[in-house]
Structures are given as structure tokens and as C-alpha cells.
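Work through these exercises with the sequence and the 3D view side by side. Try each task before reading its solution.

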Amino acid sequence: NCACNPVQNGYRTSQHPCFSFEAKHKYARIHMPVAPRCNINCNYCNRKFDCLHESRPGVTSEILTPESAREKYDFVKDRVENLSVVGIAGPGEALANWNETKSTIELIKKSNPNVIFCLSTNGLMLPDYADQLVELGVRHVTVTVNCLTPEIGKRIYQFVNYQGKRYQGAEGAAILTKNQLAGIERLTRQGVVVKVNIVMIKGINDGHIPEIVKKVKDLSVFITNIMPLIPAKGSAFEYMSQTPMKEVNKMRNICRDELQQMYHCTQCRADAIGLLGEDRSLEFSGLWSRKAI
Ligand code: CLF
Ligand code: SF4
């Protein structure tokens, strides 16, 4: 079996509700909100809310410690049917909270070796952590890639904090893009199934999206998920309008000749639980003490 083919690779991609449309109705996921900090600033984000690159803005999540995440998982797994995936999707950036992300995966894996672990990242720190993710047993990763050039990037990202320094605008965007692409390649080379999320921002990156899809296809990405811009209140894009789903779907249709497209994303909260589109997070919230890290 070819390790690069997720259908045959034994990673059970067919039981991952985001990576497989057929799994959507049957398999559930739980997000563990253990990652509050972020290392970049996207113009559509307001840090008080969940990370938009994977999550619906406007809903704050409780922050869990790795220990409380394990307790929550043990409680929820007996109450939610077919809970196949544990994902880390914020509310900030998973890899900017590496110790918490790593401990959460290790703790849950210890008593639940069959869990499919999933992680969503802006990709800035991927070259540093890709190998450790593979070692940890993470076989499904989502990277948000909104552009390939610093000229477009400077209109999307205010700054990037990297190796102890803050890089503004184009300079920061260039570092981010370079690391995203290098990180993706490092993962796919080792057989990790990678999804790329693209936030479609009208007038900024919409014309550029087919190029992004083509580029990441060349890096052996499995699927792309073109998502609408949903500007968060208090963000730099607050006054921009939400990208209509009609236009998002049109773009997905254009790009599907190049690469498989996700049409069923529900832009979940960082503490989402259950089947996509049937969020049960409120049922289980507040049962674990809110311990900010
Ligand atoms: Fe979560 Fe994301 Fe993993 Fe899925 S969500 S970390 S890949 S387990 Fe899924 Fe939700 Fe869309 Fe994300 S529907 S926002 S694509
Ligand atoms: Fe916000 Fe996520 Fe962007 Fe960080 S990566 S600024 S949390 S949208």
C-alpha cells in the first residue's frame, strides 16, 4: 500500500467527517480548546473570538488544560456515538501552544490508542513541528493558506511573530507563506493527509484561489476547503461583507477539476462536539473548570 494514498494508508481517513464526505453523517469529532495564543494577526480575526481559519467567529470557547481535556474526552466518548476524531483547532493557533497541544494528544492517546488525531494550523511553525506531529501519531492536518505572494499577504496579515521578532505586512506574509509550503511538503512526504483551508476574501485573494489550489496540489495535498470570509467584530475587516456561499461554491466548482473540494464544512467552534452540523458543545460546556493557561 502506498502511504500517500489515504484510502489505503490505514489512517482511517474514511472515518474522518471533514476529510470524507461519506463520513459526515456517521462519524463525530470533538475539538479540544487547549490553544489560546496565536503567533500571527489575520485581518479577519478578533482574538477575543475563535480562530476563523478553522472556526466560526463570535463564539468564545472555554480554555481547557490538557488534563481537563482528557477528562472531558473520557466523559464525552461514552455519550457521543462514533466519536472517531479528536481535533485541536484553537481558539488560537495549535502550534503556538505546542506544550498544551502535545500533552493533550499524548494524554488522550495513552488510554485511547484508536483515536484519529487532527490539527488545524496557520502553518508558521510547521517546519519546526511537522516531524514531531508525525511522531505523535497525527495523520490529518489542516493548514490555512490564503495566498502565495507577499503583495496579497500584506493585505490579509498585519504581522507575524517569528523567532522572537515581529515582522509587519509583506515581510511577515513572506515568512508565513514560505513556512506553510515547506511545512505542508514535510508532512505529505511522510504520508500525512493534508487539507488546505482557504478563506475567500473578495477583492483581495479571490482571483488568486485557483493558483493556490494548483500549488498545494503539487505538494500532494488531499483536499482544499474554500471558506467564506466571515469578518469578526472588532477585526480590521469588520466592515467588509461576508463572502456569499453562492460565490464560494462557484469557486469550489472551478477548482474541483484541479483537486478534490470540500463542500460540507460547517465552520465549527473551537470546542465543537458531535456530527458536523449537529453541534452538541453546549451540552458539555462548563463541566470542566475554566482554567486559562
Ligand atoms: Fe476539526 Fe478541522 Fe480537524 Fe475537522 S473541523 S480540526 S479538520 S476535526 Fe471540519 Fe469544522 Fe470545517 Fe474544520 S467542518 S471548520 S473543516
Ligand atoms: Fe486569529 Fe487564527 Fe489568524 Fe491567529 S491564525 S490571527 S487565531 S484567525
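**Exercise 1. A covered strand**

Task: Decide whether each face of strand S1 (residues 28–31) is buried or exposed.

Solution. Take one side first: Ala28 and Ile30 are buried. Now turn to the other side: Arg29 and His31 are buried as well. Both faces of S1 are therefore covered, since a residue counts as buried with 20 or more other C-beta atoms within 10 Å of its own. Keep in mind that this is a predicted model.

Next, find the neighbours of S1. Strand S3 (residues 83–88) runs parallel to S1 and is joined to it by 4 bridges. Ala28 stands opposite Leu83 of S3. Strand S10 (residues 273–274) runs antiparallel to S1, with 2 bridges between them. Here Ile30 stands opposite Ile273.

**Exercise 2. The chain as a whole**

Task: State how many helices and strands the chain has, and what share of its residues is buried.

Solution. Count the elements: 8 helices and 10 strands. Then turn to burial: 49% of the 293 residues are buried. Last, look at contacts between residues at least 6 apart in sequence: 73% of these join residues at least 24 apart.

**Exercise 3. The seven-stranded sheet**

Task: Give the strand order of the open sheet of 7 strands, and name its edges.

Solution. The order reads S9-S8-S5-S4-S3-S1-S10. Pairing in this sheet is mixed. The edges are strand S9 (223–228) and S10, and each pairs on one side only.

Step along to the S9 edge. Strand S8 (residues 193–200) pairs with S9 in the parallel sense, over 6 bridges. Val199 stands opposite Met227, and Met200 has Pro228 as its bridge partner. Helix H6 (residues 209–218) lies across S8 and S9, and its direction is at about 170° to S8.

Is S9 enclosed or open? 6 of its 6 residues are buried, so S9 is largely enclosed by the rest of the structure. Ile223, Asn225 and Met227 cover one side. Thr224, Ile226 and Pro228 are buried on the other.

**Exercise 4. Helix H2 and its cover**

Task: Check the length of helix H2 (residues 98–111) against the expected span, then find what covers its buried residues.

Solution. Start with the span. H2 has 14 residues, so at 1.5 Å a residue it should span 20 Å. The C-alpha atoms at its ends are 21 Å apart, which agrees.

Now list its buried residues: Glu100, Thr101, Lys102, Thr104, Ile105 and Ile108. Their cover includes helix H1 (66–77), S3, strand S4 (116–121) and helix H3 (126–136).

**Exercise 5. How H1 meets H2**

Task: Describe the crossing of H1 and H2, and name the residues that meet there.

Solution. Two packed helices are described by the angle between their axes and the distance between the axes. For H1 and H2, the axes come within 8 Å and cross at roughly 35°. The crossing is right-handed.

Then read off the contact. H1 brings Pro66, Glu67, Ala69, Arg70 and Tyr73. H2 brings Glu100, Ser103, Thr104, Leu107 and Ile108. By class, this contact has 5 nonpolar, 2 polar and 3 charged residues.

Focus on one of them, Ala69 in H1. Why does Ala69 count as buried? Ala69 has 25 C-beta neighbours inside 10 Å, so it passes the cut-off of 20 or more. Apart from neighbours within four places in sequence, Ala69 is in contact with Met32, Val34, Leu64 and Thr104. Glu100 is 31 residues from Ala69 in sequence, and the two C-alpha atoms are 10.0 Å apart.

**Exercise 6. The three-stranded sheet**

Task: Work out which strands stand at the edges of the open sheet of 3 strands.

Solution. The order is S2-S6-S7, with antiparallel pairing. Strand S2 (40–42) and strand S7 (165–168) each have a single partner strand, so one side of each is left without a neighbour in the sheet. From one strand to the next, the twist averages 20°.

Look at one pair. Strand S6 (residues 157–162) and S7 share 4 bridges, and Asn161 has Arg166 in S7 as its bridge partner. Finally, add the helix: H5 (residues 169–189) packs on this sheet and touches S2, S6 and S7. The direction of H5 makes about 60° with that of S6.

Terms used: Residues are numbered from 1 along each chain as its sequence is written. Chains are lettered from A and ligands numbered from 1 in the order in which they are written. This is a predicted model: local features need pLDDT of at least 70, side-chain atom pairs count only at pLDDT 80 or more; totals for chains, interfaces and linings use all residues. A residue is buried if 20 or more other C-beta atoms lie within 10 Å of its own, exposed if 12 or fewer, and partly exposed in between; C-beta atoms are placed from the backbone. Two strands pair if DSSP finds at least two bridges between them. Two residues are in contact if their C-beta atoms, placed from the backbone, lie within 7 Å. The expected span of a helix is 1.5 Å times one less than its number of residues. Axes are lines fitted to C-alpha atoms, for helices over the stretch in contact, and angles run from 0 to 180 degrees between N-to-C directions. A crossing is left-handed if the near helix is turned anticlockwise from the far one by less than a right angle, and right-handed if clockwise. Ala, Val, Leu, Ile, Met, Phe, Trp, Tyr, Cys and Pro count as nonpolar, Asp, Glu, Lys and Arg as charged, and the others, Gly among them, as polar.
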